[in-house]
Amino acid sequence: MGDGEDRPSLADQRGVESVYLPAEDSDLLARTARERVEAGDTVLDVGTGSGYVAATLADAGARRAVGVDVSPLACREAADNGVPVVRGNLVEPFQRDAFDIVTFNPPYLPTPSEQEWDDWMEHALSGGDDGRRLVDPFLETVERVLAPGGEGLMLVSSLTDPDAVRAYASEQGLASEQLASEKHPYEALVVLRFYRV
């Protein structure tokens with residue numbers, strides 16, 4: 001990706017890889033989801049990045065834990081880490097009622113469009129103007145792939161307005177509850193659970 005201009009990618013600017021590496025947010029989501037996995041569950045980790053959350057849930061006893069990511073670089077890294085992965089957008093590649101648990105650590109940092117760069121790390125970090133560039137589309141589509149009794153677990157930030165996220169989920173026919181929260185210097189990280197009403 002990129003527009004051909006001679007400027008360093010965000011990954012180079014930030015001194016990180018071009019695939020989002022697990023940090024406090026991924027760890028909180030993985031720990032919270034791990035407590036909910038039962039033996040035999042099928043799990044999908046949306047925006048899997050390095051595959052950390054999917055691998056954690058496989059270790060916790062999931063019968064099958066699959067990752068999906070739009071980035072070919074992330075898919076390669078997740079596969080290298082032993083996670084079965086599909087390249088695709090959100091839950092689009094998957095059949096109806098396929099998963100007991102769907103996890104998602106979306107890009108949630110509110111980022112004005114004039115500050116966005118077109119590279120893979122930007123896609124992993126930027127949530128658009130309100131931090132919900134992929135949060136809302138996930139809530140619009142996740143119910144289709146949830147097995148009966150299944151649930152979606154999504155990490156959001158206080159910067160993304162968790163109450164507004166839950167209200168939007170309700171408009172999509174999803175009930176929700178907060179499962180976990182951690183305070184950090186500039187935000188609180190929150191894991192929300194979504195399920196069919």
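Modeller: Before we start, one bit of vocabulary: two strands pair if DSSP finds at least two bridges between them. Keep in mind that this is a predicted model. With that in hand, look at V68, which stands opposite V86 in β3.

Biologist: Okay, which strand is joined to β3, and by how many bridges?

Modeller: That's β2, residues 64-69: 3 bridges join β2 to β3, and the two run parallel.

Biologist: And where does that pair sit in the whole sheet? What is the strand order?

Modeller: Read across the sheet and you get β3-β2-β1-β4-β5-β7-β6, 7 strands in an open sheet with mixed pairing. The edges are β3 (85-87) and β6 (174-184), each of which pairs on one side only. From one strand to the next, the twist averages 20°.

Biologist: Mixed pairing, right. Which strand pairs with β5 in the antiparallel sense?

Modeller: That one is β7, over 6 bridges. To find a spot on screen, click L155: its bridge partner in β7 is V191. On the parallel side, 5 bridges join β4 to β5, and there T103 stands opposite L153 in β5.

Biologist: When I look along a strand, how are the side chains arranged between the two faces of the sheet?

Modeller: In a regular strand they alternate from one face to the other. As for β5 here, 10 of its 12 residues are buried, so call that strand mostly covered, given that buried means under 20% relative accessible area.

Biologist: What about helices? Which strands does helix α4 lie across?

Modeller: Helix α4, residues 72-80, lies across β2 and β3, and runs at about 170° to β3. Helix α6 (residues 135-145) packs on the sheet too, touching β1 (42-46), β4 (99-104), β5 (146-157), β6 and β7 (187-196). The direction of α6 makes about 165° with that of β5.

Biologist: Which residues of α6 are buried, and what covers them?

Modeller: The buried ones are V135, D136, F138, L139, V142 and V145. Their cover includes the strands β1, β4, β5, β6 and β7, along with helix α7 (162-171).

Biologist: Last one: A55. Why is A55 called partly exposed?

Modeller: Because its relative accessible area is 27%, and partly exposed covers the range between the 20% and 50% cut-offs. A55 is found in helix α3, residues 52-59. Try a distance there as well: the C-alpha atoms of A55 and N81 are separated by 8.1 Å, though the two are 26 residues apart along the chain.

Methods
Residues are numbered from 1 along each chain as its sequence is written. This is a predicted model: local features need pLDDT of at least 70, side-chain atom pairs count only at pLDDT 80 or more; totals for chains, interfaces and linings use all residues. Side-chain values use heavy atoms; hydrogens and water are left out. Helices (H or I, at least four residues) and strands (E, at least two) are DSSP runs, numbered from the N terminus. Axes are lines fitted to C-alpha atoms, for helices over the stretch in contact, and angles run from 0 to 180 degrees between N-to-C directions. Contact means heavy atoms within 4.5 Å. Buried means under 20% relative accessible area, exposed over 50%, partly exposed in between (1.4 Å probe, protein chains only).
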